[in-house]
Amino acid sequence: MVASLDGAAWSKGVSEGLSGSADRRLFQVMRGLADVILVGAATVRTEGYGPVAPRDSWDALRAGRPPTPPIAVVTRKIDLDLGGTFFAAKGAEARPIVITCAAAPPDRREAAAAVADVIVAGDDRVEPDLALRALRERGLNHVLCEGGPRLNGGLAAAGLIDEVCLTVSPLLIGGGAARVLNGPVGRTPLRIAQILEEDGFLFTRYVREKP
């Protein structure tokens with residue numbers, strides 16, 4: 001995730017305005033390391049998500065794995081453009097994953113199954129622990145969550161965050177932008193594992209303290 005100095009998770013509704021060239025490079029490396037990318041439906045819509053493109057620099061990172069990680073989108077209502085760019089991935093390995101719940105409209109679940117793999121993880125809402133368990137059953141163990149804040153908050157509340165990679169952007173935003181984590185009050189002890197800096201951006205990596 002990326003945030004301004006005053007904690008804003010986006011500028012003018014999207015995170016792009018907070019990023020820089022080094023942040024984008026690290027973002028791509030982290031994607032190359034992941035087995036699957038987890039993201040919320042609102043982030044897919046507002047950030048204009050599409051299929052992950054393969055990169056030559058990933059050859060060593062992805063040895064023995066598909067050339068790109070699939071994207072799994074968490075959505076209660078499946079209120080996504082099923083004919084849009086996000087679902088235009090070529091090949092079974094790049095096919096997106098829709099994680100929804102039993103309360104999702106049956107016709108939307110059927111339509112989603114034509115363009116994505118569908119996982120039902122919960123009754124009235126998507127349960128984060130069930131969602132991650134279903135991904136692990138597919139051999140997708142290294143999960144990179146790209147947000148947004150509400151999805152992050154749900155994972156934190158369920159005690160499912162092992163590591164936080166946060167870019168601190170040298171900007172003050174103000175206004176009503178959400179924080180990186182938006183959810184119930186909780187407490188997850190972390191320890192600093194790494195700090196890098198370039199052009200005023202701080203790149204921090206925290207790992208969860210063992211209980």
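These numbered points go through the predicted model, from its overall build to single residues.

1. Secondary structure. The protein contains 5 helices and 9 strands, and, read from the N terminus, these elements follow one another as β-α-β-α-β-β-α-β-α-β-α-β-β-β. The radius of gyration is 17 Å, close to the 17 Å that the globule rule gives for 211 residues, so the protein is as compact as a globular protein of that length.

2. Extent and contacts. Taken along the principal axes, the box filled by the C-alpha atoms of the protein is roughly 45 × 40 × 40 Å. If one considers the contacts between residues at least 6 apart in sequence, 67% of them join residues at least 24 apart.

3. Surface and charge. Buried residues make up 38% of the 211 residues of the protein, while the accessible surface comes to about 11,700 Å², with 52% of that area belonging to carbon and sulfur atoms. The side chains include 25 positive and 25 negative ones, and the centres of these two sets lie 3 Å apart.

4. Helix α1. This helix covers residues 21–33, and its 13 residues should span 18 Å at 1.5 Å a residue; the end C-alpha atoms are 19 Å apart, which agrees with that expectation. Within α1, the residues Ala 22, Asp 23, Arg 31 and Gly 32 are buried, so a reader should note that charged residue types are among them, given that Lys and Arg count as positive and Asp and Glu as negative.

5. Arg 55. This residue sits in the loop between α2 (41–47) and β3 (71–74), and Arg 55 is partly exposed, because its relative accessible area of 39% falls in between the limits of 20% and 50%. The C-alpha atoms of Arg 55 and Gln 28 are separated by 8.9 Å, although the two residues are 27 residues apart along the chain.

6. Backbone points to check by eye. Ile 78, in the loop between β3 and β4 (97–100), has a phi near 55 degrees, which is a positive value in a residue other than glycine; Ile 78 also counts as buried, at 0% relative accessibility. A cis peptide bond, with omega about 5 degrees, joins Gly 147 and Gly 148, and Gly 148 belongs to the loop between β6 (143–145) and α5 (149–157).

7. Strand β8. Ile 195 lies in this strand, which comprises residues 190–198, and Ile 195 counts as exposed, with a relative accessibility of 53% that is over the cut-off of 50%. Not counting residues up to four places away in sequence, Ile 195 touches Leu 202 and Phe 203. The C-alpha atoms of Ile 195 and Thr 167 are separated by 9.7 Å, and these residues are 28 residues apart along the chain.

8. The loop between β8 and β9. Asp 199 is placed in this loop, where phi of Asp 199 is near 55 degrees, again a positive value in a residue other than glycine, and Asp 199 is exposed, with a relative accessible area of 60%. Gly 200 is found in the loop between β8 and β9 (201–208) as well, but Gly 200 is partly exposed, its relative accessible area being 37%. Leaving aside neighbours within four places in sequence, Gly 200 is in contact with Val 168 and Pro 170, whereas the C-alpha atoms of Gly 200 and Ala 42, 158 residues apart along the chain, are separated by 29 Å.

Key: Residues are numbered from 1 along each chain as its sequence is written. This is a predicted model: local features need pLDDT of at least 70, side-chain atom pairs count only at pLDDT 80 or more; totals for chains, interfaces and linings use all residues. Side-chain values use heavy atoms; hydrogens and water are left out. Helices (H or I, at least four residues) and strands (E, at least two) are DSSP runs, numbered from the N terminus. The radius of gyration is taken over C-alpha atoms; the globule rule is 2.2 Å times the number of residues to the power 0.38. Buried means under 20% relative accessible area, exposed over 50%, partly exposed in between (1.4 Å probe, protein chains only). Contact means heavy atoms within 4.5 Å. Accessible areas come from the Shrake-Rupley method with a 1.4 Å probe; for residues, only the protein chains shown count as cover. The place of a charge is taken as NZ of Lys, CZ of Arg, CG of Asp or CD of Glu. The expected span of a helix is 1.5 Å times one less than its number of residues.
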